[in-house]
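Q: Could you take a close look at one loop for me, and then follow its contacts outward into the rest of the model?

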Amino acid sequence: VAASAPVLPSPALHDRLLKIWETRPGLLGALGSVDHKTIGKRYLATALLFLLVGGAEAAIMRLQLAHGDTHLLSPEQYNQLFTMHGVTMIFWYAAPILSGFSNFLWPLLIGSRDMAFPRLNAFSYWTFLFSGLFVYSSFVVGQAPDGGWFAYVPLTTASYSPGLNLDFYAIGLVFLTLSTTVGAINFIVTVLKLRAPGMSLDRLPIYLWGTTTASFAALFSLPSLTVACVMLYLDRRAGTHFFDSASGGQPLLWQHLFWIFGHPWVYIVVLPAMGIVSQALPAFCRRPLVGYAFVAMATVSTGILGFGVWVHHMFATGIAPLPMSFFSAASLVITIPSAVAVFAWLATVWQGRPVMRTPLLFMAGFVMLFVIGGVSGVATAAAAFDQQLTDTYFVVAHLHYVLVGINVFGVTAGLYYWFPKMTGRMMSERLGRWNFWVMFLGFNLGFFPMHISGLLGMPRRVYTYPSGLGWDGWNLLTTVGAYVFAGGVLLLLVNLLYSRARGAPAGANPWDAPTLEWAVPSPPPAYNFAVIPTVRSRHPLWEGRRAGGAAGALTDGPVLGEDKLTLETSALDAEVTDVLRMPEDSLLPLLLALAVTVLCYGLLLRSVSLAVAAGVLMLGLTTTWLWPFGRRAEGAMTTIARETAMVEGARPLSPGAWGMLLLIATEGSLFGYLLFSYFYLGALARGPWPPNGPPDLHLVLPNTLVLLLSSGTMAWAESGIRRGRAGRLRAGIGLTLLLGAVFLFVQGVEYRAQPFGPTANAYASVFYTVTGFHGAHVAVGLVMLAVVGLRAVLGHFAAGRHEAVTNVTWYWHFVDVVWLAVFASLYLGPHLG
Amino acid sequence: MSSVLRPDGAGRAPPQAGDARLWFGLFGACAAWSLQELLSYGLVARGCLDLAGSVAAAHRGATAVSAGLVLVGVIALLAAVTALRRVDRGRAAFMALGGVVVSGTFVVGLLANFVVLFLAPACG
């Protein structure tokens, strides 16, 4: 395999860029680092640790299940272990490990110097870590979650699980969604706005399609999990009745909300792994991926179809045949894009000249397991057959082929492929081959017999089983296979540690791969690229080898060496639109994540004072974070190019604006799921809905007008500053603050006038939750307005320098639009019958 | 400096006439499929609960909505095919081809959802 020379700057330029971009030495420097490469490696290492912990839990369970009538573990211990195993692997390993790859690789793949929001990136990592530690602290008190990874009610309600177990689960998952949501926003904005000039949509490295699709899926699916977990927590600790059928609640509401999130999550942990394979395969087949556009669009199609199949997890719940058939059909259609990807991989191998190195072995294993897991998925998608498979070990086999086969094998291929880039050293090929075969054989020996155990009727989640039912032999095989597989994972770790210290030097491009990350030295310098490259094809490092290929520029282009700068480009065609000044390292992300952790413990312990203290701390830290200390007041990250007339013309949406729009999108989904819950409970109510008749409109109608008026005053303020009228901005923000406060006050008065409290029945619970969530958003909006108002008083804004004002205006309009939906649904709807 | 930030015009794509068609070709069918799935499910499920009139009325409503959305999906696919014929390379061609792939997949989904209306018993 040929090694190409890296693109190196002059020593003077290297030193200058290094001084600007390098993290300060020492503990504080390390804790405050916002370098995407550091964060990516931390993600990878932490997720691998969670993999080991989750694997150890599985190993103990497999000892228990190796024979019938074994009592190594008590039923309660077993319940906690299988729940924590599932929760750990699905939430704290499978998705975060992919975030690790993406964090490390994205700026390198797209020719940028960092992610769009580096501090948010650090915050995403710290919240991921602390949420995991939070959930694992449950073991300290002997009350780990014990209701399975999907925590079905009513088993998980306080009546049947009175301890803290499921509180750790509900709070911990909402904590994690914070990490995943900000991470997803960061990925999307990065891919839209930070690509190298010329990297138009059709030239994106194929890996980015997987993570981008997964990030969009996360934004629209995670709010469903948040709503479900908030409801579970409120039912358990505040006495609400969302899932309590005796008071008008519906246990199946949990299943709907969980699986509306849960099935897209499967693709969130699968699509980026598929992307790894699509990205790495060409390097070992010595040719570009066959059917790039087909694979990219198959990825997008899969991500969207993933939202339309959630009911196939609920085929055994008594849903009517025709509604089930819609979801069965969608579950079968999803095989089309999956097959497109498989055939593209096969065609790439077929038409290429495969070089059989360890990454390719893992990719081949991945494809085989992908097909097996896919076929067993088709079986469960068939509603009639699924009636026989539900809650058996067949489903356990299927999900492990999907989650381990696709995720772990894809991830391991990625580790072998990019380890040289991350460390500058090659992994041992000999150990790698042993690693592959032990893992591959162990996996199939362990998990394939689970299909048979399931078909023989063995239910999942039994802590032991009677001998003599024909399950013993298959279970013994499974246990042996699981331990062999675990040995393979240990070989991987040994190889990682050994090669980190003693691997052969890798050079910049040991695989002779075609994409930008291989143009820089291994490991990459802190600034990534000495000059921002210009791209003219999907394979910048293979240009010139292929007939008719256009040549990009890797060695000349903008240096941007005056400050911590990178280029901003347009979303579709990657034309230069601006230069971004990136933020410095900071301890604020760590401190804010710690404050969120304290808040979570406050909620767990139901300590109002602790929760309030954490809330105040979070508010202070967030304000400090967003306050432009020591920088130009507005546009601290941006507009340098525009001010110096290097770029002219109308500026498209900035990264900050995109971030706000994506936040609004995910928050909008949250309210969508809340309103879905309202209508679902109403549709299945046995009595009148609302139980006390339609709500009184005397207060809410004028209050709605007050809120709408506040949108008008905010729009007036924002249009004022666009014209440079700072006085109008201040007056408009002041009026908006006043109207918003009046709205909240009147809502409080309305609450006091209601004849029922939130714990009266399911209607009351959903009424107060929906309006309360909205009220909380108004309160957050008021805080944002207060901060922007203060900055307006200090003269931070002017015509052309008012991005924060515009973003807060959008948020305020969003809050108003949501209220219109709430008003129409909860107040007007019942009057209209 | 200007030439440094826009080296040799790289990355500049000619203005794309008909971008709206490209976007419709790309996402029109999947939007139609999403609506079809949610509306058909909602109508029939409510019909089975006898909350929206008779089951037969709900079935008729779902069939009409479904048929309309199949049509939207097919039009999106045709829009993508037409766009593909008009552009030969670059980002526009990629989006057009992507539209054919995505809309083609979702038209299959739309047809599958439409066909099951006549194959499966509504409420069992």
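A: Pro154(A) is found in the loop between α5 (118–136) and α6 (165–193) of chain A, where helices (H or I, at least four residues) and strands (E, at least two) are DSSP runs numbered from the N terminus. The peptide bond leading into Pro154(A) from Val153(A) is cis, with omega near 5°. A word on the ground rules: this is a predicted model, in which local features need pLDDT of at least 70 and side-chain atom pairs count only at pLDDT 80 or more, while totals for chains, interfaces and linings use all residues. Residues are numbered from 1 along each chain as its sequence is written, chains are lettered from A and ligands numbered from 1 in the order in which they are written, and side-chain values use heavy atoms, with hydrogens and water left out.

The loop between α5 and α6 of chain A also holds Ala151(A). Its phi is near 45°, a positive value in a residue other than glycine. Ala151(A) is buried, with a relative accessible area of 0%; buried means under 20%, exposed over 50% and partly exposed in between, using a 1.4 Å probe and protein chains only.

Now follow Ala151(A) to one of its partners. Leaving aside neighbours within four places in sequence, Tyr169(A) is in contact with Ala151(A), and its other partners include Pro145(A), Gly148(A), Trp149(A), Phe150(A), Trp254(A) and Phe258(A). Contact here means heavy atoms within 4.5 Å.

Tyr169(A) in turn leads to the largest nonpolar core, which has 286 residues; Tyr169(A) is among those with the most contacts inside it, as are Phe91(A), Trp209(A) and Trp254(A). Such a core is a set of buried Ala, Val, Leu, Ile, Met, Phe, Trp, Tyr and Cys residues joined through side-chain atoms within 4.5 Å. Helix α4 (residues 75–110) of chain A gives the most to this core, with 21 residues. Apart from it lies another core, of 6 residues, among them Leu560(A) and Val576(A).

For comparison, two other backbone features of chain A are worth a visit. A second cis peptide bond joins Ser522(A) and Pro523(A), with omega about -10°, and Pro523(A) lies in the loop between α17 (472–502) and β1 (565–569). Asp69(A), in the loop between α3 (36–65) and α4, has a positive phi of about 55° although it is not a glycine. Asp69(A) is partly exposed, with a relative accessible area of 47%, whereas Ala151(A) is buried.
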